[in-house]
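Thanks for coming. I will take a few minutes to walk through one model, and you can follow along on the screen.

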Amino acid sequence: MTMEPQRKRRYMIPAEATIEVIGGKWKTLILCHLSYGPKRTSELKKAMPDITQKMLTQQLRELEEDGMILRTVYNQVPLKVVYELTETGESLQSILDQMCEWGEKYIQGHFSKKEAPRAE
């Protein structure tokens, strides 16, 4: 079951839509963790110890509303809830990969701290 993303507003440039859906620290991290496969809420919380339970729940709901992730509830005791990327969420893989590659270069100091000003 694929959910249609909710169009929240009109965008001036397409990058705004991308930032609205994956913007912020937590949504991007959640998507990165789910790119390795389905995860339970507790697994995501363990992978991101600095996120509060309230924030994790909120971010998961927003990603679900935007059609990026699928939430599956298994009727068992205790209740089992699993999150996974939808096809739309999986389409972000190349963006997430590029962000990771850039971040790795940045961490390793591949960019100069002070670059020359741009010519106008």
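Let me begin with glycine 37, which sits in the loop between α2 and β1. Before going on, please keep in mind that this is a predicted model. Is glycine 37 buried or exposed? With a relative accessible area of 17%, glycine 37 is buried, because the cut-off for that class is under 20%. Leucine 85 is 48 residues away from glycine 37 in sequence, yet their C-alpha atoms are 7.8 Å apart in space.

Next, the sheet. Three strands make it up, in the order β1-β3-β2; the sheet is open and its pairing is antiparallel. The edges are β1, residues 39-40, and β2; each has a single partner strand, so one side of each has no neighbour in the sheet. Helix α2 packs on this sheet and touches β1, β2 and β3, with its direction at about 95° to that of β3.

Now the pairings one by one. β1 and β3 run antiparallel and are joined by two bridges. Lysine 39 has tyrosine 83 in β3 as its bridge partner. Between β2, residues 69-74, and β3, residues 80-85, there are six bridges, and these strands also run antiparallel. Here valine 73 is bridged to valine 81 in β3.

β2 and β3 form a hairpin, and five residues lie between them. Proline 78 is in that loop between β2 and β3. Which peptide bond is cis here? The one from valine 77 to proline 78, with omega near -5°.

On to the helices. A pair of packed helices is described by the angle between their axes and by the distance between those axes. For helix α1, residues 14-22, and helix α2, residues 25-34, the axes come within 7 Å and cross at roughly 80°. The two are therefore roughly perpendicular to each other. On the α1 side the contact involves Glu20, Val21 and Ile22, and on the α2 side Lys27, Thr28 and Leu31. By class, the residues of that contact are three nonpolar, one polar and two charged.

Helix α2 also meets helix α4, residues 53-65; their axes come within 10 Å and cross at roughly 70°. That crossing makes α2 roughly perpendicular to α4. From α2 the contributors are Trp26, Lys27, Ile30 and Leu31, and from α4 they are Met55, Leu56, Gln59, Leu60, Glu62 and Leu63. This contact divides into seven nonpolar residues, one polar and two charged. Note that Lys27 and Leu31 of α2 appear in the contact with α1 and again in the contact with α4.

Last, the cysteines. How many disulfides does the structure hold? Zero. Cysteine 32 is in none, and the nearest cysteine sulfur to it, that of cysteine 100, is 4.5 Å away. Why is there no bond between these two? The distance of 4.5 Å is too far, because a disulfide needs the sulfur atoms within 2.5 Å. As for accessibility, cysteine 32 counts as buried at 17%, while cysteine 100 counts as partly exposed at 44%.

To recap: the open sheet has the order β1-β3-β2, α2 packs on it, and α2 is roughly perpendicular to α1 and to α4. That is what I have; questions are welcome.

Conventions: Residues numbered from 1 in each chain as written. Predicted model: local features only at pLDDT ≥ 70, side-chain atom pairs only at ≥ 80, totals over all residues. Heavy atoms only, no water. Axes fitted to C-alpha atoms, helices over the stretch in contact; angles between N-to-C directions. Helix = DSSP H or I, 4+ residues; strand = E, 2+ residues; numbered from the N terminus. Parallel < 35°, antiparallel > 145°, perpendicular 65-115°, else oblique. Contact = heavy atoms within 4.5 Å. Nonpolar A, V, L, I, M, F, W, Y, C, P; charged D, E, K, R; others polar. Pairing = 2+ DSSP bridges. Buried < 20%, exposed > 50% of the residue type's maximum accessible area, 1.4 Å probe, protein only.
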